[in-house]
Amino acid sequence: MTIKMIASDMDGTFLTANDTYSQGRFERILDNLKARDMRFIAASGRQVKNLQELFEPTISKGYEIDYVGSNGAMVATHEEQLYSVHLSPEQLHKVIDWNAKNPDSAENIIIMTGDKATYVSNHATGPVAKMVFQFYPNVKQVEKLMTVDDHILEITFVWPNDEVQQHVSELREIFGDELHATGSGFGSVDVLGKGVDKAAGLQVLQDYYNVLDREVMTFGDNGNDLEMLQKYEHGYVMPNAGNFMLEVIQKKALNTNVNDGVLETIENYLSI
């Protein structure tokens, strides 16, 4: 097989812990990818701005990384933004109204990812609020989410981890094909525009670089990675993923995220 594009999820997949990665090892791989005209894509539930900040130590050395951010709602090369999908005001109202009427939502937190900033209620406090400031750039706390003047890429709810799949299924049943709901780890449930997922975001980059499906390698560990692991024959699930992922994706990365499983698997493919 000839691979031209390698895309990896971040949390629980590429990153070892606390937003860290093996920088030297990764940069040696990027040198090899460049020599073979192959590209690396960070494909994450995180915003593109957050991913750019995460990889700044590597980018500042002149390395090129492309991005599928916000679970596919925004796509960018190392030079420019190519694509974005926003929720309409009507869709925002529907989702927030559903949440307000849902008895299981009493203790959860709502995060809105916009083009200009990330928005969270000013009532949000404690560990979850701390998590928001860690994983999202330019966080603004507001009194009323529906008064925010921005274009919104996604709405994120945070529930206990063991409830995520239940709420994803419920949202999909309620909103059908009008919106796309997916679980992103850390108890997050993301609601995006119709047809928005990481595989769709990768297709934008495939079209831009003229890359076929069989020339794409992907890595992931959670529900928001499922589409891009199922679409491509070279889709690898992490050994540390949940059982529901391990049961549906056959190919496994060579090691866990904390042991650089993505990098090890890429090195094995490149024979370096």
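# Exercises on a predicted model

Y209 has a relative accessible area of 24%, so this tyrosine is partly exposed (buried means under 20%, exposed over 50%, partly exposed in between, with a 1.4 Å probe and protein chains only). The model is predicted: local features need pLDDT of at least 70 and side-chain atom pairs pLDDT 80 or more, while totals for chains, interfaces and linings use all residues. Residues are numbered from 1 along each chain as its sequence is written, and side-chain values use heavy atoms, leaving out hydrogens and water.

**Exercise 1.** Classify the aromatic pair of Y208 and Y209.

*Solution.* Start with the rule: rings of Phe, Tyr and Trp (its six-membered ring) pair if their centres lie within 6.5 Å; planes under 30 degrees apart are stacked, over 60 edge-to-face, and the rest tilted. Next, take the geometry: Y208 and Y209 are 4.9 Å apart centre to centre, with 90° between the planes, an edge-to-face pair. Finally, check the surroundings: Y208 has 41% relative accessibility and therefore counts as partly exposed.

**Exercise 2.** Now do likewise for F14 and Y21.

*Solution.* Their ring centres are 5.8 Å apart and the planes meet at 40°, so this pair is tilted. Both F14 and Y21 are buried. Look further and you will find ring pairs linking F14, Y21, F26, F40 and F55 into a cluster.

**Exercise 3.** Trace the open sheet and find its edge strands.

*Solution.* First, the terms: strands (E, at least two residues) and helices (H or I, at least four) are DSSP runs numbered from the N terminus, and two strands pair if DSSP finds at least two bridges between them. Seven strands then follow the order β5-β4-β3-β2-β1-β12-β13, with mixed pairing. The edges are β5 (81-84) and β13 (234-237), each pairing on one side only. Inside the sheet, β1 (residues 5-8) and β12 (residues 216-220) pair in the parallel sense over four bridges; S8 has F219 as its bridge partner in β12.

**Exercise 4.** Describe how helices α5 and α7 pack.

*Solution.* Begin with the axes, which are lines fitted to C-alpha atoms, for helices over the stretch in contact, with angles from 0 to 180 degrees between N-to-C directions. Helix α5 (residues 89-101) packs against α7 (residues 164-175) at about 130°, with the axes 12 Å apart. That makes α5 oblique to α7 (under 35 degrees is roughly parallel, over 145 roughly antiparallel, 65 to 115 roughly perpendicular, the rest oblique). To finish, list the contacts (heavy atoms within 4.5 Å): K94, V95 and W98 in α5 meet E170, L171, I174 and F175 in α7.
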